[in-house]
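Trainee: I would like a close look at a single part of this protein. Please take one residue, work through its surroundings, and then set it against the rest of the chain.

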Amino acid sequence: MSEPVPPPSWRVRPESGADAAAVEALNAASFGPGRFAKAAYRLREGVAPVAALSFVAMEGTQLRGSVRFWPIRVGGHE
């Protein structure tokens with residue numbers, strides 16, 4: 001009989017200010033320096049992501065992923 005597999009040590013939690021450097025390093029490693037030329041990055045310039053909609057995926061103490069959402073304006077309304 002095979003041994004039980006331990007549950008993964010992954011968890012998703014809200015992003016904190018302490019995660020900023022690790023998130024930036026992950027983005028740099030994943031998307032490279034050309035990411036700043038993309039339209040999505042240009043639209044985000046000078047705009048902070050919505051803190052309540054920003055999350056990180058952790059495996060133990062290692063950052064493995066992140067997701068952030070930015071506010072948008074449509075027709076002069078936010």
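Mentor: What follows starts with the whole chain, moves to one loop residue, and ends with some contrasting positions.

This is a predicted model. Keep that in mind throughout.

Start with the fold. The protein has two helices and three strands. Along the sequence they come in the pattern β-α-α-β-β. The radius of gyration is 16 Å, and the globule rule gives 12 Å for 78 residues, so the protein is more spread out than a compact globule. The C-alpha trace spans about 65 × 30 × 25 Å along the principal axes. Buried residues account for 17% of the 78 residues.

Now the part to look at: Arg35. Where does Arg35 sit? Arg35 belongs to the loop between α1 (20-31) and α2 (39-44). Is Arg35 buried or exposed? The relative accessibility of Arg35 is 5%. The cut-off for buried is under 20%, so Arg35 counts as buried.

Which residues does Arg35 touch, leaving out those up to four places away in sequence? The answer is Glu24, Asn27, Ala28 and Tyr41. Set those numbers against the helix ranges. Glu24, Asn27 and Ala28 fall inside the range of α1, 20-31. Tyr41 falls inside the range of α2, 39-44. So this loop residue has contacts in the helices on both sides of its loop.

Stay with Tyr41. The structure holds one aromatic pair. The partners are Phe36 and Tyr41. Two numbers describe such a pair: a pair of aromatic rings is described by the distance of the centres and the angle of the planes. For Phe36 and Tyr41 the centres are 5.6 Å apart, and the planes make an angle of 75°. Planes over 60 degrees apart count as edge-to-face, and that is the label for this pair. Phe36 has a relative accessible area of 43%, so Phe36 is partly exposed. Compare the 5% of Arg35, which counts as buried.

Next, strand β1. Arg11 lies in β1, residues 10-14. Is Arg11 buried or exposed? Arg11 counts as exposed, at 51% relative accessibility. The contacts of Arg11, again without residues up to four places away in sequence, are Val56, Ala57 and Met58. Take Ala57. Arg11 and Ala57 are 46 residues apart along the chain, and their C-alpha atoms are separated by 5.7 Å. Contacts that span the sequence also show up in the overall count. Of the contacts between residues at least 6 apart in sequence, 51% join residues at least 24 apart.

The segment after β3 gives another picture. Val74 is in that segment. Val74 is exposed, with a relative accessible area of 57%. Val74 and Ser30 are 44 residues apart in sequence, and their C-alpha atoms are 30 Å apart in space. Gly75 also lies after β3 (62-67). Gly75 counts as exposed at 70% relative accessibility. From Gly75 to Ala25 there are 50 residues along the chain and 34 Å between C-alpha atoms.

Last, the surface and the charges. The accessible surface comes to about 6,200 Å². Carbon and sulfur atoms hold 63% of that surface. There are 9 positive and 7 negative side chains. The centres of the two sets lie 6 Å apart.

Note on methods: Residues are numbered from 1 along each chain as its sequence is written. This is a predicted model: local features need pLDDT of at least 70, side-chain atom pairs count only at pLDDT 80 or more; totals for chains, interfaces and linings use all residues. Side-chain values use heavy atoms; hydrogens and water are left out. Helices (H or I, at least four residues) and strands (E, at least two) are DSSP runs, numbered from the N terminus. The radius of gyration is taken over C-alpha atoms; the globule rule is 2.2 Å times the number of residues to the power 0.38. Buried means under 20% relative accessible area, exposed over 50%, partly exposed in between (1.4 Å probe, protein chains only). Contact means heavy atoms within 4.5 Å. Accessible areas come from the Shrake-Rupley method with a 1.4 Å probe; for residues, only the protein chains shown count as cover. Lys and Arg count as positive and Asp and Glu as negative; His and the chain ends are not counted. The place of a charge is taken as NZ of Lys, CZ of Arg, CG of Asp or CD of Glu. Rings of Phe, Tyr and Trp (its six-membered ring) pair if their centres lie within 6.5 Å; planes under 30 degrees apart count as stacked, over 60 as edge-to-face and the rest as tilted.
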